[in-house]
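This report covers one helix, the nonpolar cores and one strand residue. The structure is shown below.

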Amino acid sequence: MHTGKIGVTTENIFPIIKKFLYSDHEIFLRELISNAIDATQKLKTLASVGEYTGELGDLTVDVKVNKKKKTITISDKGIGMTAEEIEKYINQIAFSGAEEFLEKYKNQTNAIIGHFGLGFYSSFMVSDKVEIITKSYKDNSTAVQWTCDGTPDYSIVEVDKEERGTEIVLHINDESKEFLEDSKIDELLKKYCRYLPVPITFGTEKEWKDGKEVDTKKA
């Protein structure tokens with residue numbers, strides 16, 4: 001197990017996310033799905049130039065809600081990450097000069113996210129804890145799980161995961177329970193994710209029976 005603290009001046013990150021992005025907190029789903037699509041497209045690109053020679057298989061991005069556990073999980077089958085890549089892309093955030101940053105971007109939510117690469121960290125607007133479970137497409141990669149509870153402290157442990165790709169598990173906080181409703185997630189997917197180059201699945205299959213739509217309980 002490996003533990004550490006995130007990036008540079010990270011004691012400033014979470015209060016800023018909570019305070020200045022909270023009014024737009026629904027964007028977390030758009031940002032996480034965008035990351036999943038990006039990871040998938042990168043794998044397709046590597047395959048097209050011969051740098052990945054394995055089977056692509058089903059590249060669908062999957063969104064699941066577990067109301068009992070109060071979690072939302074976004075899963076992809078893209079390039080995944082190694083422990084070293086998590087250190088580089090998740091833990092090392094170029095986020096210094098907080099005062100200047102606040103003055104320049106406090107009224108520009110999208111600028112905050114885009115300028116500082118905070119798309120992933122928007123997940124903490126709605127979560128008490130976030131987990132990343134990921135395995136790289138690279139040969140002989142070891143799957144790892146990154147966990148953070150909304151402080152600069154994180155942990156990374158090796159885990160069992162057979163397939164390449166990444167799962168982001170959000171443990172939804174009490175103020176954001178509306179996102180545990182299927183209807184809300186469905187609304188956001190239609191709003192933000194209608195025209196994407198990779199298919200997205202959510203919920204369970206439905207079919208018409210006896211003149212009405214019923215849940216088949218099949219994912």
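In H2, the buried residues (under 20% relative accessible area with a 1.4 Å probe, protein chains only; over 50% is exposed, partly exposed in between) are Ile-27, Phe-28, Leu-29, Glu-31, Leu-32, Ile-33, Ala-36, Ile-37, Ala-39, Thr-40, Leu-43 and Leu-46. Helices here are DSSP runs of H or I of at least four residues and strands are E runs of at least two, numbered from the N terminus. The model is predicted: local features need pLDDT of at least 70 and side-chain atom pairs pLDDT 80 or more, while totals for chains, interfaces and linings use all residues. Residues are numbered from 1 along each chain as its sequence is written, and side-chain values use heavy atoms, without hydrogens and water.

The end C-alpha atoms of H2 are 31 Å apart, which agrees with the 32 Å expected for 22 residues at 1.5 Å a residue, the span being 1.5 Å times one less than the number of residues. Just after H2, Gly-50 has a positive phi of about 85°.

A nonpolar core joins buried Ala, Val, Leu, Ile, Met, Phe, Trp, Tyr and Cys residues through side-chain atoms within 4.5 Å.

| Core | Size | Members include |
|---|---|---|
| Largest | 36 residues | Ile-72, Ile-74, Phe-120, Trp-146, Leu-170 |
| Second, separate | six residues | Ala-39, Leu-46, Tyr-52, Leu-59 |

The members listed for the largest core touch the most other members. H2 (residues 27-48) gives the most to this core, with seven residues.

Thr-134 lies in strand S4 (residues 127-135) and counts as buried because its relative accessibility is 0%. Its side chain reaches the backbone oxygen of Gly-165 at 3.3 Å.

Technical notes: A polar contact is a pair of N or O atoms within 3.5 Å; within protein, one must be able to donate a hydrogen and the other to accept it, and residues adjacent in sequence count only if both atoms are side-chain atoms.
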